[in-house]
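Student: Please take a close look at one strand of this model and the charged residue in it. Then set that part in the context of the chain.

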Amino acid sequence: MKKIEAIIKPFKLDDVREALSDVGITGMTVSEVKGFGRQKGHTEIYRGAEYMVDFLPKVKLEIVIADEQVDACVDTIIETAQTGKIGDGKIFIYDVERVIRIRTAEENEDAL
């Protein structure tokens, strides 16, 4: 099993969720996060004062899936979330050792 963490632009969330659902991936955790990379941030003006916004709003998707679904999941996220502009995000892939569903005590793929 693998855990996919994808950091994407917030306005792409609904499109990515629908596209993942179309390829059979239905469970995910979504968090609103802030961060920056090469995009750095930007300046804004509020009540006449200019200030630097260092952290930009992003959305983090966390998805745990079977190994055979990884390529379809990653390809779908890339195709759907990509705008071609800086700040499109990142995808991280981790090994998952064990998963347990609390309600039934099912484990691993049965718990997904």
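Tutor: Strands are DSSP runs of E with at least two residues, helices are runs of H or I with at least four residues, and both are numbered from the N terminus. K60 is found in strand β5. The model is predicted, so local features need pLDDT of at least 70 and side-chain atom pairs count only at pLDDT 80 or more, while totals for chains, interfaces and linings use all residues. Residues are numbered from 1 along each chain as its sequence is written, and side-chain values use heavy atoms, with hydrogens and water left out.

K60 is buried (under 20% relative accessible area, 1.4 Å probe, protein chains only; exposed is over 50%, partly exposed in between). K60 nevertheless has no salt bridge, a term for a side-chain nitrogen of Lys or Arg within 4 Å of a carboxyl oxygen of Asp or Glu. The nearest side chain of opposite charge is that of E62, 4.3 Å away; Lys and Arg count as positive, Asp and Glu as negative, and His and the chain ends are not counted. Neighbours within four places in sequence aside, K60 is in contact with E5, A6, I7, T29, V30, S31 and V33, where contact means heavy atoms within 4.5 Å.

The loop between β5 (56–65) and α2 (70–81) holds D67. D67 counts as partly exposed because its relative accessibility is 44%.

As for the whole protein chain, two helices and six strands are present, in the order β-α-β-β-β-β-α-β from the N terminus on. Of its 112 residues, 30% are buried. Among contacts between residues at least 6 apart in sequence, 69% join residues at least 24 apart.
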